Amino acid sequence: MNFQKDQILDRARGVLLGAAVGDALGAGYEFYPPLPDQAPIDFKSSGEFAIGQYTDDTSQMVAIGIAAGRSNLSESLDEVAKEFKHWSDTDGAGIGIQTRAIFNKVVDFSTAEQLIQQAQLFVDTHEKASGNGSLMRTGIVALPFLSSGETIGSVASQVSALTHADIDCREACIIWSKAIRHAILFENFDGVQLAINDLEPHRQGYWNEIFDQADRASKPADFPNNGWVIHALQAAYKAILITDSNSAESFKLGIEAAVRSGNDTDTVAAIAGALLGARWGYSSIPREWLEQVHGWPDFREKDLVELADRITEPIWA
């Protein structure tokens, strides 16, 4: 395959920057009811987050990216565990209930072992263990493994399982991460269906129906329980579907539609933003959004671009 370096890097950067701007925009509307279709979307402060500041969604994605710069995630997740601890100790803003509960049980973050054990115990002892807390951070997993869709799937599942070991959470991360890889390489959203086709046969029908429901829905707000991984995925996917005009303007429109979904708006917009950014690239993100975005660990646009570049697999050689 012959890929242009500049184009691949643009779309890889779009994954992290797309998630970050979606997250930061959505943060100002979190827990609000759905907004009308034409309601303007602007950066707003909310609770502990300043104007333009991204939340735990992107902070955890950044932590994974920093870890990926130090180690091969397909061999060990120990560096991810260390970065999660570093983020939790130095910031931790917006950390989700399930993630906090698991972090509080872990004594030793020097390896991933205790995180994995506590995440599985959480699934075994809680009826509701399928929140959206791993899907929101999964996009960056694609960048170091552009040449291997299967490796992306395995790593996405394992990174999810550090805090969200439920099968729905792990498979949602597999589907979205593979779709992001496909969008970076081939500039379309066909990777969603291709990723479903790669699952075990008895799981394909389950996920096909979930995405069919999104197809049939009229708007992202039709999935109001979007703190749940399934509704979060459906709301993000619907925001992409209803704004897809086959032009770079689709990025901005898709993010705005995701934010208008209501409730867990930062996470829905971060999930949508990662895939939209993979499809349309960093160059499609409005300059006024990029200039305002910031967050842990004192990162701004330039730092996020540098992180994406550092860990993106150079398949253009």
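This passage walks through a predicted model, taking in one helix, a buried charge, some aromatic pairs and a few unusual backbone angles.

A good place to begin is helix H7, which runs over residues 167-186. Its 20 residues reach 28 Å from the first C-alpha to the last, close to the 28 Å expected at 1.5 Å a residue. Most of H7 is covered, with 17 of its 20 residues buried. Both ends of the helix have something to show. At the N-terminal end, Asp166 acts as a cap, placing a side-chain oxygen 2.8 Å from the backbone nitrogen of Asp168. Just after the helix, Glu187 takes a positive phi of about 60°.

Another aspartate worth a visit is Asp56, which belongs to helix H2 (residues 56-70). Asp56 is buried, yet no salt bridge is found for it. The nearest side chain of opposite charge is that of Arg137, 7.9 Å away, whereas a salt bridge calls for a distance within 4 Å. What surrounds Asp56, once neighbours within four places in sequence are left aside? Its contacts are then with Trp87, Ala93, Gly94, Ile95, Gly96 and Met136.

The aromatic side chains come next, and the count of aromatic pairs is eight. In one of these, the ring centres of Phe84 and Phe103 lie 6.0 Å apart with the planes at 40°, so the pair is tilted. Phe84 sits in helix H3 (residues 78-90) and Phe103 in helix H4 (residues 97-105), so this pair ties together parts that are 19 residues apart in sequence. Phe84 counts as buried because its relative accessibility is 0%, and Phe103 counts as buried at 6%.

A second pair joins Phe211 and Tyr237. Here the centres are 4.9 Å apart and the planes stand at 90°, so the arrangement is edge-to-face. Phe211 lies in helix H9 (residues 201-216) and Tyr237 in helix H10 (residues 229-243), so the two rings connect parts that are 26 residues apart in sequence. Phe211 is buried, with a relative accessible area of 6%, and Tyr237 is likewise buried at 12%. These two residues also belong to one aromatic cluster, together with Tyr206 and Trp207.

Some backbone geometry rounds off the tour. Most residues other than glycine have a negative phi, and most peptide bonds are trans. Against that background, which bond is cis, with omega of about -5°? The cis peptide bond is the one that joins Trp296 and Pro297. Pro297 lies in the loop between strand S1 (294-295) and strand S2 (299-300).

Positive phi values also turn up in loops. Phe31, a residue other than glycine, has phi near 70°. Phe31 is found in the loop between helix H1 (5-27) and H2. With a relative accessible area of 66%, Phe31 is exposed, since the cut-off for that class is over 50%. Asn263, also a residue other than glycine, has phi near 65°. The loop that holds Asn263 runs between helix H11 (249-259) and helix H12 (265-280). Asn263 is partly exposed, with a relative accessible area of 26%.

Notes:
Residues numbered from 1 in each chain as written. Predicted model: local features only at pLDDT ≥ 70, side-chain atom pairs only at ≥ 80, totals over all residues. Heavy atoms only, no water. Helix = DSSP H or I, 4+ residues; strand = E, 2+ residues; numbered from the N terminus. Expected span 1.5 Å × (residues − 1). Buried < 20%, exposed > 50% of the residue type's maximum accessible area, 1.4 Å probe, protein only. Polar contact = N/O pair within 3.5 Å; in protein donor to acceptor, adjacent residues only side chain to side chain. Lys, Arg positive; Asp, Glu negative; His and termini not counted. Contact = heavy atoms within 4.5 Å. Phe/Tyr/Trp six-rings, centres within 6.5 Å; stacked < 30°, edge-to-face > 60°.
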